[in-house]
Amino acid sequence: MSFATPPGWYPDAGAPGTDRWWDGAAWTAHTRPSAAAHPAPYEPAHPPYAPQAFGQPTTPPISRGGSRTRVLAITLSSLLVLGAAVTAAILLGPDDSGTRAAPGPTASDPAPTAAATSATPSPEAGPDGDPGVLVDQLNGITLAVPDGWEKAKNTSDDAPTIRTAVSYDCPGTSASFCYRGTVSTRTARAGRTDPRAIAEADIIAAADRAYEQDVLGRRTHGGITSHQVLKAEPVAVAGRTGYLVRWRVVTAKGPGGVVQSVAFPSTLGSETPVIVRLAFDADRPELPVSLMDTITRSVRPVGDSATSGGVGASIGP
């Protein structure tokens, strides 16, 4: 809201010691010496500005009564501007090194915690990370990995598997590759509990998978033409009584091989039987049949305190 300034003599800001007549709408050419005995008849809320026509500055005359309010307002505005400038300098201004200064900690900031003194153990710290041990957590067993063998990262049936490190083109098809030796572990089919019956049934599946055809139906060794039972007897595995069946198979192509199935009760609470399958190419000096017995004897329960679950075991051919 604004009000018109009434006519009267007002101090001329452009001529100190002089009053100029304001006719209510514009400055006039009439002036007089300023006198303290002639106060301004009215303190305008918005003093008029001296016109350029008389060569006077355009700043408004400062009246005595309204000057205190105006000075206070200007002072307050100056403090607000100064405060904003200081705040901006603190938050945004660069430090001596030319980088933005980071705010310091406040009372509400949480106290820094000490760095952990012990790191999380790596997988290599347990049997799973030991390249010399195959761990079957599902069935609760471990077995030793022979020298020169490796743990397979991926298999067609997702069974924990170890195998010879070097593969070769299968003799029955160039579209696939084979391994000289493989060992895998698995859970017996539900409902079966007799180790002998399980081993006698599984040896057929073990021979077919190793030397008859693979999961894609390819006859990797030209198919099995005959087999011979080499061994069928009870055996102690991981402190449990199991049963072992071993065959020698003849194939249409290649040397054929020796396959074995061992079944025994799990050391876990349910004691669901476990199967260990082995398949070695025949007539390989690095794969004697005795190595099958050595691998079978290396089977231990996971966490076995006497053998560290197989950790550190190393067996050769």
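This passage describes the overall make-up of the chain and then its two largest pockets.

The model is a predicted one. Its single-chain description starts with secondary structure, which comprises 15 strands together with three helices. The chain has 317 residues, and 34% of them are classed as buried. Turning to how the chain meets itself, half of the picture is long-range: 50% of the contacts between residues at least 6 apart in sequence connect residues at least 24 apart. The accessible surface amounts to about 18,200 Å², with carbon and sulfur atoms contributing 58% of that area.

Next come the pockets. The largest pocket holds about 820 Å³ of space. Its lining is made up of 32 residues, and Ser156, Tyr179, Thr182, Arg209 and Asp214 lie closest to the pocket centre. Two or more lining residues come from each of strand 7 (161–164), strand 9 (177–179), strand 10 (181–187), helix 2 (195–212) and strand 14 (273–281). By residue class, this lining contains 13 nonpolar, 10 polar and nine charged residues.

The second largest pocket encloses about 200 Å³. Arg186, Thr187, Ala188, Arg189, Arg192, Ile198, Ala201, Asp202, Ala205, Ile275 and Arg277 form its lining. Here strand 10, helix 2 and strand 14 each supply two or more residues, and helix 2 gives the largest share, with four. Five nonpolar and five charged residues are found in this lining, along with one polar residue. Strand 10, helix 2 and strand 14 thus appear in the description of the largest pocket and again in that of the second largest.

Note on methods:
Residues numbered from 1 in each chain as written. Predicted model: local features only at pLDDT ≥ 70, side-chain atom pairs only at ≥ 80, totals over all residues. Heavy atoms only, no water. Buried < 20%, exposed > 50% of the residue type's maximum accessible area, 1.4 Å probe, protein only. Contact = heavy atoms within 4.5 Å. Areas by Shrake-Rupley, 256 points an atom, 1.4 Å probe, with all protein chains shown as cover. 1 Å grid on protein atoms, 1.4 Å probe; cavity = no way out; pocket = protein on both sides within 12 Å on 5 of 7 lines; lining within 4 Å. Points joined across faces, edges and corners; volume = space filled by probe spheres on them. Nonpolar A, V, L, I, M, F, W, Y, C, P; charged D, E, K, R; others polar.
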